[in-house]
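Reader: I have the file open and would like to walk through it with you. Could you show it here first, and then we can take it piece by piece?

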Amino acid sequence: MVARGSGVAARRGDAPTPCDAPRDASARAIVEHFARATADYDLWSPGLNMHFGFLRRGLSPFRLEPMLEEMNLQVRRRLGAPSRDGARVLDLGCGVGASARSMARGGHLVTGLTITPSQVQHARLLNERAGLSEQVEVRLQDYTRADELASGAFTGAYCIESACYARGLGKRDLVRETARLLRPGARFVVADAFYRVPPARLPWPARALLRRIAGRWAVESFAGRAAFATALREHGFRDIVFEDVSLRVVASVAHVPVTVARFLGRAARAGRAGLHRERWRNVEASLLTALVPLASPWFRYYLVSATRGA
Ligand SMILES: C[S@@+](CC[C@H](N)C(=O)[O-])C[C@H]1O[C@@H](n2cnc3c(N)ncnc32)[C@H](O)[C@@H]1O
């Protein structure tokens, strides 16, 4: 794990400017969460993938990292071929750039956005180490108001377990801004968990479980499938496909207890100094995902693809 302050000088422009400053209390909570919890993702993924994995035939359910990388590859496949004219794709909510580097290895040029300042420096260091600084640029920018980026400039966009951080069930602010940034014909791919029915219709134990997980991850509300589809249509997306890949993801969820055990070892080594509350909250949410299959009639993991209309 590359610690913050690991010797990579912050570049000019990395500090939050008024434009980059978190838009409200919910955004500040997201930044606070990832400023702390990013430090433990090395226990989950040596490549620092901050998402669940995808099990396909030929992969072992006992090896987590190849399943995490496979999720990147599944998204990449749905994005389509890299543009020949040097146009870039957007990684909206890019973490420390693991997926963006995977896309770059597949020939894409990528612009990654995150609202967490420490992730920008960290991602840039990892891009340099991977020799991918030209192919992957990472910016400190809110994906719901990326004013510095030109309209229609991008040939594709994706969100891997980051769309959930936008507001509401429909994630309208995110969808509107993505529609602005994409060229006609560009693909938008989202990998995330969605409510299949309005949350008010869930039995209370399932609703309480999902709210607890969301809160511990600083997510205001997970997305709703119907509301998200409506937002996509209203912002000019067509060919909208929801693929339920919940069963593909389960094998990676089964690795959570091992990661939690490693975390407890880290906490024990930290001794009396202890670990920040957000890091414990992240681990609690991860542990609770083991119960999510009980909510599976109402809550599923989807790969969503859509095309930006003319
Ligand atoms: C669970 S992490 C996923 C990171 C990455 N997609 C991956 O799979 O490795 C969620 C990411 O979304 C980012 N994020 C949340 N809200 C955002 C916003 N409004 N604008 C940009 N990034 C955001 C966080 O900073 C974090 O990097």
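Author: Before we start on the strands, one term: two strands are said to pair if DSSP finds at least two bridges between them. Please also keep in mind that this is a predicted model.

Reader: Okay, which residue stands opposite Y158 in β4?
Author: That residue is D91. The strands β1 (residues 89-92) and β4 pair in the parallel sense, over three bridges.

Reader: And how many bridges join β4 to β5?
Author: Six bridges join them, and these two strands run parallel; G156, for instance, has R187 in β5 as its bridge partner. Together with helix α5 (residues 172-181), β4 and β5 make a right-handed β-α-β unit.

Reader: Is β4 mostly covered or exposed?
Author: Strand β4, which spans residues 154-160, is mostly covered, with seven of its seven residues buried.

Reader: Switching to the ligand, how many residues surround it, and which are the closest?
Author: The ligand is surrounded by 22 residues, and the closest are M50, G93, G95, S162 and Y165. Two or more residues of that shell come from each of α1 (25-37), α3 (98-105) and β2 (110-114).

Reader: What's the mix, nonpolar, polar or charged?
Author: The shell divides into ten nonpolar residues, ten polar ones and two charged ones.

Reader: Last thing, what pLDDT does the protein average?
Author: The average is 92, and 93% of the residues score at least 70. Over residues 1-19, however, the pLDDT is below 50, although this stretch has 22 contacts in the model beyond near neighbours in sequence. Where pLDDT is low, the predicted coordinates should not be read in detail.

How values were computed: Residues are numbered from 1 along each chain as its sequence is written. This is a predicted model: local features need pLDDT of at least 70, side-chain atom pairs count only at pLDDT 80 or more; totals for chains, interfaces and linings use all residues. A residue is near a molecule or strand if its C-beta atom, placed from the backbone, lies within 6 Å of it. Helices (H or I, at least four residues) and strands (E, at least two) are DSSP runs, numbered from the N terminus. Ala, Val, Leu, Ile, Met, Phe, Trp, Tyr, Cys and Pro count as nonpolar, Asp, Glu, Lys and Arg as charged, and the others, Gly among them, as polar. A residue is buried if 20 or more other C-beta atoms lie within 10 Å of its own, exposed if 12 or fewer, and partly exposed in between; C-beta atoms are placed from the backbone. A crossover is right-handed if, with the strands pointing away from the viewer, the path from the first strand over the helix to the second runs clockwise. pLDDT is the predictor's confidence in each residue, from 0 to 100. Two residues are in contact if their C-beta atoms, placed from the backbone, lie within 7 Å.
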